[in-house]
Amino acid sequence: MTRKPVNSRLAEFGTTIFAEMSALAVRTGSINLGQGFPDTDGPEEIREAAVRALRDGRGNQYPPGPGVPELRLAVAGHQRERYALDFDPDTEVLVTAGATEAIAASLLSLVHPGDEVVALEPYYDSYAACIAMAGGKRVPVTLRPRDGAFRLDLDELRDAITPRTRVLLINTPHNPTGAVLPRDELAAIAALAVEHDLLVVSDEVYEHLVFDDAEHVPLASFPGMRERTVTIGSAGKTFSFTGWKVGWVTASAPLVAAVRSAKQFLTFVASGPFQYAVAEALRLPASYFDGFRADLRAKRDLLATGLAEAGFTVHRPAGTYFITTDIRPLGEDDGFAFCQALPGRAGVVAIPNAVFYDNRAEGAPFVRFAFCKRTEVLQDAVDRLKRLAA
């Protein structure tokens with residue numbers, strides 16, 4: 001074959017780091033704190049709701065393209081009750097095959113070849129691939145550690161916007177750093193979007209995973225933002241059913257129509273029976289969400305304390321279920337090499353944050369651990385990591 005088999009837009013992307021490190025965990029028998037999926041299922045009543053849908057023949061064939069009406073109604077109700085945002089379930093809600101498809105469909109439909117997309121770095125790896133597939137140019141604005149957490153420099157964000165900028169790609173609560181953008185910074189981002197007439201894709205899949213005094217505020221709730229913001233949500237992170245792949249988009253009718261135009265040629269439809277179950281999950285009482293956060297907060301604290309005792313500098317997250325650490329106190333500065341060696345040294349797998357950066361050197365000393373695991377698994381991991389301090 002004389003022609004290159006890979007589209008030039010995707011030439012820089014190989015196998016994802018998540019697949020690579022999960023395979024390493026299996027090969028070495030290590031505890032996998034790399035890929036962000038829970039090791040327990042979500043609420044039993046929601047799992048039974050999926051079984052009931054299967055048995056009742058709901059969703060066993062192609063569901064409606066925009067998603068089953070029950071789920072679209074539940075998503076609209078969730079946005080209204082939680083955030084006082086009103087969306088028409090028929091024209092302003094779109095169900096997707098997880099948040100990953102929502103991101104892809106949004107960027108493929110909204111970004112023209114040559115457009116610039118400003119994104120908060122480090123970023124989820126699919127962002128870069130989807131921007132490339134759309135023919136856009138990614139422009140990173142880097143979150144950097146300050147006062148024990150990763151922070152956004154609003155001046156840097158302002159300077160990154162040019163006449164070629166079309167989309168701001170925002171993620172809060174932020175993966176991998178665990179930062180939750182505060183209300184004043186979100187207001188500043190909204191003002192920039194309005195001033196420069198930009199579209200915003202806001203990835204808010206960790207909206208219910210915020211801790212301590214952190215508050216999740218949807219970007220679409222700020223003045224002038226509802227008509228220019230595509231908000232992405234997901235059931236996987238909130239209800240611990242990541243394999244169901246149920247996500248959604250809420251936006252104005254014209255933006256949803258644009259995203260749907262791309263989505264229909266990706267999966268067309270997906271996750272039929274699970275959509276009915278997620279509709280029920282979104283109507284769970286507040287006690288479920290409060291209990292879920294409390295459980296994850298305790299797990300965060302357990303792992304964060306263990307990592308600090310093992311010698312890492314720990315940036316305690318305000319949201320998500322990831323902890324970013326700095327390995328330099330351990331005498332290391334190459335996250336890739338560190339993560340490749342960690343299974344042999346401690347029987348634990350983590351993710352090198354450098355894969356989430358355009359400038360790999362910027363992220364080289366940072367390593368991400370997931371704490372969405374059973375308490376006994378995290379305790380075992382903490383005990384193993386103590387070998388590093390020794």
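How many bridges join β9 to β10, and do these strands run parallel or antiparallel? The points below address this and related features of the model, which is predicted.

1. **The β9–β10 pairing.** Strands β9 and β10 are joined by 4 bridges and run antiparallel. Within this pairing, T231 stands opposite T250 in β10.

2. **The seven-stranded sheet.** The two strands belong to an open sheet of 7 strands, with the order β2-β10-β9-β8-β7-β3-β4 and mixed pairing. The edges are occupied by β2 (93–96) and β4 (137–142); each has a single partner strand, so one side of each lacks a neighbour in the sheet. On average, and with direction ignored, neighbouring strands of this sheet are turned by 20° against each other.

3. **Parallel pairs within that sheet.** On the other side of β9 in the strand order, β8 is joined to β9 by 4 bridges, and the two run parallel. The bridge partner of V200 in β9 is T229. Strand β8 (residues 199–203) is also joined to β7 (residues 165–171), here by 5 bridges and again with the strands running parallel. In that pair L168 stands opposite V200 in β8. V200 thus serves as a reference position for both pairings, facing L168 and bridging to T229.

4. **Burial of β9.** Strand β9 (residues 229–234) is largely enclosed by the rest of the structure, because 6 of its 6 residues are buried. Both of its faces are covered. T229, T231 and G233 are buried on one side, and V230, I232 and S234 are buried on the other.

5. **Helix α3 against the sheet.** Helix α3 (residues 69–83) lies across β2 and β10 (247–250). The helix runs at about 120° to β2, which is one of the edge strands described above.

6. **The four-stranded sheet.** An open sheet of 4 strands has antiparallel pairing and the order β11-β12-β15-β14. Its edges are β11 (313–315) and β14 (351–352), each with a single partner strand, so one side of each is left without a neighbour in the sheet. The pairing of β14 with β15 (residues 366–370) is antiparallel and extends over 2 bridges. There, the bridge partner of I351 in β15 is R368.

7. **A salt bridge between distant parts of the chain.** The whole structure contains 25 salt bridges. One of them joins the side chains of R164 and E116, with an N to O distance of 3.1 Å. The two residues are 48 residues apart and link distant parts of the chain: R164 lies in the loop between α6 (154–160) and β7, while E116 lies in strand β3 (residues 116–121). E116 counts as buried because its relative accessibility is 3%, the cut-off for burial being under 20%.

8. **Salt bridges within α14.** In helix α14 (residues 375–389), D380 and R384 are 4 residues apart and therefore separated by about one helical turn. They form a salt bridge in which the closest N and O atoms are 3.2 Å apart. A further salt bridge brings together the side chains of K386 and D383, at 3.7 Å from N to O. These two residues also lie in α14, 3 residues apart, which corresponds to about one turn of the helix. Several of the participants are partly exposed, among them D380 at 32% relative accessible area, D383 at 38% and K386 at 41%.

9. **A salt-bridge network.** Salt bridges also link D212, R300, D301 and R316 in a network.

10. **The surroundings of V348.** V348 lies in strand β13 (residues 348–349). With a relative accessible area of 0%, V348 is buried. Leaving aside residues up to four places away in sequence, V348 touches S30, I31, L33, L342, P343, F369, A381, R384 and L385. Among these contacts, R384 is the salt-bridge partner of D380. By contrast, the C-alpha atoms of V348 and D90 are separated by 46 Å, the two residues being 258 residues apart along the chain.

11. **A nonpolar surface patch.** L108, M133 and L266 form a nonpolar patch on the surface, and together they have about 220 Å² of accessible area. L266 is located in the loop between α9 (253–263) and α10 (272–281). At 42% relative accessibility, L266 counts as partly exposed.

Conventions: Residues numbered from 1 in each chain as written. Predicted model: local features only at pLDDT ≥ 70, side-chain atom pairs only at ≥ 80, totals over all residues. Heavy atoms only, no water. Patch = residues over 30% accessible without salt bridge, like charges linked within 9 Å, V, L, I, M, F, W, Y side chains within 5 Å. Areas by Shrake-Rupley, 256 points an atom, 1.4 Å probe, with all protein chains shown as cover. Salt bridge = Lys/Arg side-chain N within 4 Å of Asp/Glu carboxyl O. Buried < 20%, exposed > 50% of the residue type's maximum accessible area, 1.4 Å probe, protein only. Pairing = 2+ DSSP bridges. Axes fitted to C-alpha atoms, helices over the stretch in contact; angles between N-to-C directions. Contact = heavy atoms within 4.5 Å.
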